[in-house]
Amino acid sequence: MTRVLKYVFYDILRTRFILFYTAFLLVCTFALFQFDSDYGKIVLSLMNIVLMVVPLIAVVFTTIHLYNSYEFMELMLAQPIHRNIVFLSEYMGVALSLCMAYLIGIGLPFLLFGGIAYSATLLSTGIFLTLVFVSLAFLSAVLTRDKAKAIGIALLFWFYFSLIYDGLLLWVVYSFSDYPLEKVTLALIAFNPIDLARIILLLQLDISALMGYTGAFYKDFFGSHVGLLFSAGILTIWVIAPIALATRIFARKDL
Amino acid sequence: MLALLGILVCIIPAVHATTYKIGNQHNIKTIREGIALAKAGDTLLISAGIYREGNLVLEKALTLIGENFPVLDGENKYEILTVHAQHVVIQGFRFIDTGIASINDLAAIKILESKFVSILNNRFENTFFGIYFASSSDCLVDKNQLTANAEAEHQIGNGIHLWKCQRMTIRNNRIKGQRDGIYFEFVTDSHILNNYSEGNMRYGLHFMFSNDDEYRDNTFINNGAGVAVMYTKGVKMIHNTFEHNWGSSSYGLLLKDIRDSFVLDNVFKENSIGIFMEGSSRNEIKNNEFVKNGYALRLQASCDDNVFEHNNFRQNTFDLVTNGSLVLNTIKSNYWDRYEGYDLNKDKVGDVPYRPISLYGTVIERMPTAILLWRSFFVFLLDRAEKAIPVITPENLKDELPSMIPYDLR
Amino acid sequence: MISVKNIEKKFGKLIALDQVSLEMEAGKSYALIGPNGSGKTTLIKSLLGLVVPSAGEILIDGKTILNDWKYREKIGYMPQIGRYPENMRIGQLFDMMKNIRQEVTKTDEELLEAFKLYKIFDKRMHALSGGTRQKVSACLAFLFHAPILILDEPTAGLDPVAVEILKEKVLHEKRMGKLLIITSHILSDLEELSTEMVYLYEGRLQYHNSIAMLKEETNESRLNKAVATLIKQKELLASVTE
């Protein structure tokens, strides 16, 4: 596996996109450190990047990369190598390089300016979101042969989770506003990795004091060990389920 | 003013009075002896040292002056000083460790049914209640320092506590770590000036049924639930600073059932809610600075005829939220940093009205659970859309004359 | 060595392979012919495991290839259109392939020498002409001494000198007792390289016999004539049965 992975890495690094991505994150974070010295506010501003940009970059980069390495995969598959090895090497290659870019881009400034403790949640949720959306992009890539369609599906995933889902959630809250909804919404949030990441991040900041009773309920839950396990577990499922499904489909796919 | 007169009245007879020195090196060793010996108008001069005398009761017009802060120790059992007299002065003592009792409000100094009492320049450490007035009038509390380190609300009383008093002046005190910093109930025609109330468990200032008072130049910072002013009319709240009263049920200033009052020239900074207003009418909120609050104003529908004018709203998460749709208050000529209008005729007044209520702000007032969408992309778009075409936010709740530039308030 | 048993492949409604059964033995060379879209490439891809048949099975050395990958060690494959990571240099490509199949210590670099690819080892794949690309594909196919060689249109786009080099190599390998499967539209090439003929038409196996037998049956001395006659016969047969 490492042999294939090596060439996937080589291929990704050669396109320089990952370097641009790292530089972009670095510039954003450094700039925020220049404007503000309050770690909480920096984390809050970076939260928007994490919730919007990270998933978007993950889906777009992944699908484009996958289609660009179609030849490579074809070549590998005619060799005595298991299909899953080829596919999962691609996944590891993409996911690891995006995660590295993210860790360096966001983590390095915190390391330099201090406040690495503040950034722990930010870094871990960002890593999780990267992995989740790389998984979803792999799934969308195996669902169709057409590059444009695959990017379309991947963007739809992104659009759905960052926008449409929240609209539906608001509609549910509106329709059942006479009932106590805390537990129900907690379950609903688990169905959207972006929402889950956002809530976890908000609760880390003292700004969560503005979230009233609902916020207090969530804070109680996510502050507990059960809540921590719950959120980590749910996010892990979000990483594993799409890529597992994609691997299954890919194992039977005609090339 | 009356309180000052009180001091003068108190000093004049003192000219013919005797001064007793009390302390280890003097003939009179205890304060109790001194009080027993002295006549009205006399002065007790108490040397530095530790005095453990249980509860002292003062029923004569005496002046007690501590030299180099003699310590009056309550030994965690007693109320230290109980005053029931007129023209008493207590100055320069260090009161420590009163008893704690949930039935009796044990205090370092309790003043009952007295007049013209002055509590000057004392220190209070770990006292259950610090200075406690009941049914008194024309008293002065000046330059005292109160500190306590209780961990729970029930383990500690209020710093400066007034019940059923008139014409009182509370000024230049620093109060820290009490239950309520300053407590006013049924207190009228009084002044709270230039106090610094920090880190108290419940309220920096707790103020009820106390008409026609004025509090001015005070700082209330980092208190559990902020400052509460309730069931009162004719209060003047001027030039105070409400800062960092932060928490899920906290606010800078709570106005509950307040009428005909003034909130002028104050600074509300970094409070989870700047002003929480409920059931209040005919108040003027002018020339205040609202900076970096969660909600600058939370205006319940039960409020009417209030005027919000010439305030600066800067960097608040929400400028204004309300749970009603009727517009019964006047909001005009404020500066809003979110205002995106223009000023063609250069009169420094925006040409289009500003709507301080965001759609999302309205939504969470109606459905508090919707807060879980806070800071999502969806909410961001929703607010932008509503700004362009208002549908849900109250049509008439707007500032018709928004200022283009912030007012220079402080 | 290879036995294809009743394999069937459908792409949606299109039937690419329809009940194809075929036995292929080592030491023989099979010419796989048929018009465009007759299922040749699908058959080859099925052998490589790139396409999974909808029904039937393929055995190589008696073992099914379904869900197996190790058997591909035995196959050298030269695709019709060689698609390679575009930004790789030729040298890097060969290094990578060798690296991935580290267990093969002694590689066959005869063709590499013959085509003089060493000289352009630092050229990137996207800069190569169609012919050079074919040379690269050919070299890769023979690189690991695989006992089964599948060559999809091997001579297309090659210059005459290269064609001759390749043919030499193929014949050499055949003499070494390898199993060859070759598709080509140039029947004269096949006549030289193959001993057996497999004719696919609309996904069905229409004819499978030795070339010698074919010539005999059709009474033609040259393969292209023989195939033409065969096709006409089949078409006639088809129209009658319809």
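Tutor: A cavity is a set of points, on a 1 Å grid over the protein atoms alone, where a 1.4 Å probe fits but cannot get out; a pocket is an open set with protein on both sides within 12 Å along at least five of seven lines, and lining residues have an atom within 4 Å of a point. Points join across faces, edges and corners, and volume is the space filled by probe spheres set on them. This is a predicted model, in which local features need pLDDT of at least 70 and side-chain atom pairs pLDDT 80 or more, while totals for chains, interfaces and linings use all residues. Residues are numbered from 1 along each chain as its sequence is written, chains are lettered from A and ligands numbered from 1 in the order written, and side-chain values use heavy atoms, without hydrogens and water.

Student: How many cavities of 30 Å³ or more does this rule give?

Tutor: Four. The largest has a volume of about 120 Å³, and the second largest holds about 90 Å³.

Student: What makes Phe87(A) and Lys253(A) part of the largest cavity?

Tutor: Both are lining residues, along with others including Leu66(A), Tyr70(A) and Phe250(A). Helices α3 (39–68), α4 and α6 (116–143) of chain A each supply at least two residues; helices are DSSP runs of H or I with at least four residues, strands E runs with at least two, numbered from the N terminus.

Student: Which classes line the two cavities?

Tutor: Ala, Val, Leu, Ile, Met, Phe, Trp, Tyr, Cys and Pro count as nonpolar, Asp, Glu, Lys and Arg as charged, and the others, Gly among them, as polar. The largest cavity has nine nonpolar, one polar and one charged residues. The second largest, whose lining includes Leu299(B), Cys303(B), Gly324(B) and Leu397(B), has seven nonpolar, four polar and no charged.

Student: Which residues lie closest to the centre of the second largest pocket?

Tutor: That pocket has a volume of about 570 Å³. Of its 29 lining residues, the closest to the centre are Glu74(A), Lys45(C), Leu50(C), Tyr77(C) and Pro79(C). By class the lining has 16 nonpolar, six polar and seven charged residues.

Student: Why is α1(A) called roughly antiparallel to α2(C)?

Tutor: The axes of α1(A), residues 2–15, and α2(C), residues 90–100, come within 9 Å and cross at roughly 155°. That angle makes the pair roughly antiparallel, because the cut-off is over 145 degrees (under 35 is roughly parallel, 65 to 115 roughly perpendicular, the rest oblique). Axes are lines fitted to C-alpha atoms, for helices over the stretch in contact, and angles run from 0 to 180 degrees between N-to-C directions. Contact, meaning heavy atoms within 4.5 Å, involves Tyr7(A) and Tyr10(A) among others of α1(A), and Asp95(C) and Met96(C) among others of α2(C).

Student: Why are α6(A) and α7(A) called oblique?

Tutor: They pack at about 140°, with axes 8 Å apart. That angle falls in none of the three named ranges, so the pair is oblique. Phe133(A) and Leu136(A) are among the α6(A) residues that meet α7(A), where Phe157(A) and Trp158(A) take part. The contact has 11 nonpolar, one polar and no charged residues.

Student: What makes α7(A) and α9(A) roughly perpendicular?

Tutor: Their axes come within 9 Å and cross at roughly 80°. The pair is therefore roughly perpendicular, the angle being inside 65 to 115 degrees. Tyr165(A) and Asp166(A) are among the α7(A) residues in contact, and Arg198(A) is one of those in α9(A). The classes are five nonpolar, one polar and three charged.
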